[in-house]
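Please open the structure in a viewer and keep a selection tool at hand. The tour proceeds by stops, each with something to select.

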Amino acid sequence: MDGFRKDDNGRYISDGLSPKQFARLFDQIQKERAHSRRRMNGSRHLTPSLLRNKHLDDIIGLGKKKDGTFFTIEDLKQFEANRGQARKKFTNTQPGITYAQLVAHSQAIDVKRANNNVDDGSGISNASFIGLQHNVALIRVAASNRSIDSSHLVQLRFEEWDEALENVTNDRAALMRLVRKLVAGRASINCDCGRYMYWYRYIATAGNFTISPPKEYVFPKIKNPNLRGVACKHIIHAFTRMQGAGWQTRIIESLIKASKGHHYGDDRKKTTEYFSESEIKQLNRNRKGKTNHAAIKAEYQRYQKRIDALQSKLTDKDKTKIDNARKKLARARQVTAQERERRKAAEAKAKQHASDVEAYKRQLSDLLKMQKQLFIDAQVMAGKTPEEAAKAFELHIKSTLGK
Ligand SMILES: [Zn+2]
C-alpha cells in the first residue's frame, strides 16, 4: 500500500499528490469501496431479482421512502418501467455516450453546477487534464467549496480511439478535425463522487456507458427513482473542457505517438502517460469551460428527430442491410487486428532465426581459430618455426577444401 494520508474525517488527502500518485489513490479508493460493498451483502438493496420477483417481505425489507411510507409493489412496477426506458433511451449495443447526448440528458442543476452558475457553493470551476492511460483521459476536478473532498478523478474512455488511430495523417488540419470528432464521440465515463455513485452509475450501467468495474445493478430507489440525468457536474465539466482546442492538442500528440508505436496498442506500461506539472499548467491556459445546455439540447433533439424520421422510413430489408454492413465492418476490423498479430509473430520469428545464425557463425569461427592454434602448436613442437607452421596450416586448409 502507498500509505496515503487521511484527514480527521477519515478521508484521504489528495492535495499535493503527483498525477501518478493521484491516479493510484483513486484505484485504492475504488478497491476499498468494492470491499465494503461485499461485506454489506445488500440486504436493503433493490436488486434486479427483487425487482422482478416483488416478494412482499423483501419489499418491506427495503425500508421507507423519502416521505416516510413503505415501498409498494406499484413503486416497483414504476421502477421497472423507468429502467426499461433508460435502457431504450441509450443504445446499449455500443459502449459510450456522445458529448451531445450526455449534455442533452443531464439535469439542469448538474449543468449549472458544472458551469459554476450557482450561489450555494456547490459550483465547480477548476479541472486539470493530468494523464492518459491508453484511451482513458484522467481529469482531476477540484471539488466544490461545499464538499468535504478536495478533488475528484473523472475518467473519459474514448470508445472511437481505434478508428481515430487508423486515420492519423500528417495533415495538421485533418488531424484537428479527427480529434474534434473523437472527443465529441462516444465515451464511457466515471467519477468517484457520491453523486455519480448513488444517482447515475445505475443508469450508465444500463446504457452501457460507465467505465467498469464496478457495474451498478442496484436500483437507486431513494436518490433517483425516476432515473433522471446521466452525469455529475465533474463529468459534465471535464467532458466540456475536452471540447476545447487546448486539451485536444495533447490528445493529438498521444495519437501520433500511438500510431508509430511498435508495442501493443493496449500495453498498459507503454501507453500510460502522466503529465508534468508544467505541461498541465500549459494545457490549462486554453480554457473553454461552459456547457451550453439549451443549445446542445435543442441541437440534439433536432438530430434525434431526424434519426427517428429516418428510422420510420426504413424497411426491414434496409435495416437488415445496415446490420449486415455493420457486422462486416466489425469483422474486417477483427481481421486487420489478427493480421497485425500474425505479422508481429512472423517478425519476431525471423529476428530469432537471424540471431541463431549469428550465434552459429560465431561458434564456427571460434572453433576454426582453436583448430588453427592446435595445428600450429603441434607443428612448432615438431620443430617448425611459427611462420612455417602457419604456412603449413594454410596448405592443410586448401587441400581439405580441395577435396
Ligand atoms: Zn462526480
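A residue counts as buried when its relative accessible area is under 20%. Tyr-12, with a relative accessible area of 18%, is therefore buried. The model shown here is predicted.

**First stop: aromatic rings**

With Tyr-12 still selected, add Phe-4, which at 13% relative accessibility also counts as buried. The ring centres of Phe-4 and Tyr-12 lie 6.4 Å apart and the planes stand at 85°, so this pair is edge-to-face. Next, select Phe-129 and Phe-275, whose ring centres are 5.1 Å apart; the planes meet at 80°, so this pair is edge-to-face. The pair joins distant parts of the chain, 146 residues apart: Phe-129 belongs to strand 1 (residues 127-133), while Phe-275 is in the loop between strand 5 (272-274) and helix 13 (277-283). Both Phe-129 and Phe-275 are buried. Then select Phe-71, Phe-79, Tyr-202 and Phe-219, which form one aromatic cluster. The count of aromatic pairs comes to ten.

**Second stop: charges over rings**

Select Arg-140 and Phe-22. The charged end of Arg-140 sits over the ring of Phe-22, at 4.0 Å from the ring centre. Move on to Trp-199, where Arg-195 lies over the face of the ring, 4.8 Å from its centre.

**Third stop: the zinc ion**

Which protein atoms are the donors of the zinc ion? Select Cys-191 (SG), Cys-193 (SG), Cys-232 (SG) and His-234 (ND1); these donors lie 2.2 to 2.3 Å from the zinc ion. The angles between the four donor atoms run from 106 to 112°, and the arrangement is therefore tetrahedral. Along the chain, the donors follow the spacing C-x1-C-x38-C-x1-H. Two of them, Cys-193 and His-234, link distant parts of the chain, 41 residues apart: Cys-193 is in the loop between strand 4 (187-191) and helix 9 (194-206), and His-234 is in helix 10 (residues 233-241).

Are these donors buried or exposed? Cys-191 is buried, with a relative accessible area of 1%, and Cys-232 counts as buried at 1% relative accessibility. His-234 is buried at 4%, and Cys-193 counts as buried at 5%. A search for disulfides across the whole structure finds zero.

**Fourth stop: helix 10**

Select helix 10, which contains His-234. Nine of the nine residues of helix 10 are buried, so the helix is largely enclosed by the rest of the structure. Among these buried residues are Ile-235, Ile-236, Ala-238 and Phe-239.

**Fifth stop: backbone details**

Most residues other than glycine have a negative phi, and most peptide bonds are trans. Select Ser-212, Pro-213 and Pro-214. The peptide bond from Ser-212 to Pro-213 is cis, with omega near 0°, and the bond from Pro-213 to Pro-214 is cis, with omega near 5°. Pro-213 is placed in the loop between helix 9 and helix 10, as is Pro-214.

Asn-208 is in the loop between helix 9 and helix 10 too. Asn-208 is not a glycine, yet its phi is positive, at about 65°; at 28% relative accessibility, Asn-208 counts as partly exposed. Now select Lys-54, in the loop between helix 2 (48-53) and helix 3 (56-61). Its phi is positive, near 55°, and Lys-54 is buried, with a relative accessible area of 16%.

**Last stop: the domains**

Finally, colour domain 1 (19-313) and domain 2 (334-402), as given by the domain assignment. The C-alpha centres of domain 1 and domain 2 lie 62 Å apart.

Note on methods. Residues numbered from 1 in each chain as written. Predicted model: local features only at pLDDT ≥ 70, side-chain atom pairs only at ≥ 80, totals over all residues. Heavy atoms only, no water. Donors = N, O, S within 2.8 Å, 3.2 Å for Na, K, Ca; no water. Tetrahedral: all angles 85-135°; square planar, octahedral: opposite > 155°, others 65-115°. Helix = DSSP H or I, 4+ residues; strand = E, 2+ residues; numbered from the N terminus. Buried < 20%, exposed > 50% of the residue type's maximum accessible area, 1.4 Å probe, protein only. Disulfide = S-S within 2.5 Å. Domains from an automatic or database assignment. Phe/Tyr/Trp six-rings, centres within 6.5 Å; stacked < 30°, edge-to-face > 60°. Lys NZ or Arg CZ within 6 Å of the ring centre and 35° of its normal.
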